[in-house]
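Please look at the sequence and the model below before reading on. The paragraphs that follow explain how the parts are arranged.

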Protein chains: 2
Amino acid sequence: MDKAERVMAAFREFSERSTQPRHVIAEKLVALGETGEAFSVETLLEELRRSDSGIGRATVYRTIEKLAQLKVLDRIDFADGSRGYRLCGTKGHHHHLTCRACHRVVEFELCLPQAKIDAIGRREGFTIEDHEISLYGLCDACRGDKVLKGKVPKDKVLKGL
Amino acid sequence: MDKAERVMAAFREFSERSTQPRHVIAEKLVALGETGEAFSVETLLEELRRSDSGIGRATVYRTIEKLAQLKVLDRIDFADGSRGYRLCGTKGHHHHLTCRACHRVVEFELCLPQAKIDAIGRREGFTIEDHEISLYGLCDACRGDKVLKGKVPKDKVLKGL
DNA sequence: ATAATTGCAAACTGTTTGCAGCACG
DNA sequence: CGTGCTGCAAACAGTTTGCAATTAT
């Protein structure tokens, strides 16, 4: 379990303790990561309960939060407002394309030119520290999966008040 | 109160009723919009309570949701995970730059070339329906406002697991 | 009339916190 | 050993829901 080891390395790097629960969570994260799909904290919790780990909710949240801060985990916001996590790919800077229906996540590297971002910051008097690009759509598998709940038909959308 | 009228027009356009509560909310939205800052639903609720409108929480949420769907209101996700709303500017397509500290919001039009977005969709087998670009930083007024809670020092951030 | 909308209170989801005990280094 | 980490339960924030009463068309 090489990847799990690297997750633990992240903790050590940050001079945090290599505790039993963290080991277990690291491995579960890797397992969940195999599919490439993002998972919710709730899912992770269930997985952990299933294996009688005895790890508490708070610990999971705290661990996830740490790993997200360390950028070992990506935090992904779905179109429906829910949230998921997944181990980062090996790429460096990237953004996410997610499926509205199944929450599948794909990383891509396309980005705005840094110069243009800087220009906006300068123009508006902001120090820009970070940015995020999210693409939302339907993956091939989900296409044709009819109506998305509560969607307003495009011709009823009013732009530019 | 011209803008408020336009909010109501949005409802009519969608063949929804022009009710008393909606009128009141529309005007409050415009008032809150003057500052250019985004507001939380909670703030809007307090404002409404302050003026003894007698409008209930559920109504506010339902109204906000409708207006966001109609794209009359922008829904803005802040860096800290909280959420705000504001009347759209008159511009068409745009994205948001927000201040981590004060939640000030600035609109900008810089975007990814549609062709590149399409290319990603094609490559990944997704039908891309929507996208969002968020820039996060500190506005001039907030800069110097020291430590942001729980921030991991940059040299401790591990990239590319 | 009559179907949409409202207000209320209660339910819910996702996340955080306080604290006593445990365990890593 | 001492501090950081853990588990628990309870608290919390934001949002949604069921339903009976109300109101715009």
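The account below begins with the two protein chains and then turns to the two DNA strands.

This is a predicted model, in which local features need pLDDT of at least 70, side-chain atom pairs count only at pLDDT 80 or more, and totals for chains, interfaces and linings use all residues. Residues are numbered from 1 along each chain as its sequence is written, chains are lettered from A and ligands numbered from 1 in the order in which they are written, and side-chain values use heavy atoms, with hydrogens and water left out.

Two copies of a chain are related by a rotation about an axis and a shift along it. Here, a turn of 180° and a shift of 0.0 Å along the axis lay chain A on chain B with an RMSD of 0.0 Å, the copies being superposed by least squares on the C-alpha atoms of residues with pLDDT of at least 70 in both. That is the relation of a two-fold axis. In chain A, the residue that comes closest to this axis is A:I133, with its C-alpha at 2.2 Å. Of the interface residues of chain A, 100% are also interface residues in chain B, so the copies meet through the same surface; contact here means heavy atoms within 4.5 Å.

DNA strand D is surrounded by 19 residues, a residue being near a strand if one of its heavy atoms lies within 4 Å of it. The closest are A:E16, A:R17, A:T19, A:T59 and A:R62. Polar contacts are pairs of N or O atoms within 3.5 Å; within protein, one must be able to donate a hydrogen and the other to accept it, and residues adjacent in sequence count only if both atoms are side-chain atoms. A polar side-chain atom of A:T59 lies 2.5 Å from a phosphate oxygen of DNA strand D. For the side chain of A:T19, the distance from an N or O atom to a phosphate oxygen of this strand is 2.8 Å. Helix 4 of chain B gives the largest share of the surface near DNA strand D, four residues; helices (H or I, at least four residues) and strands (E, at least two) are DSSP runs, numbered from the N terminus.

Around DNA strand C there are also 19 residues, of which A:Y61, B:R17, B:T19, B:T59 and B:R62 come nearest. A polar side-chain atom of B:T59 is 2.6 Å from a phosphate oxygen of DNA strand C, and for A:Y61 the corresponding distance is 3.1 Å. The largest share of the surface near DNA strand C, four residues, comes from helix 4 of chain A.
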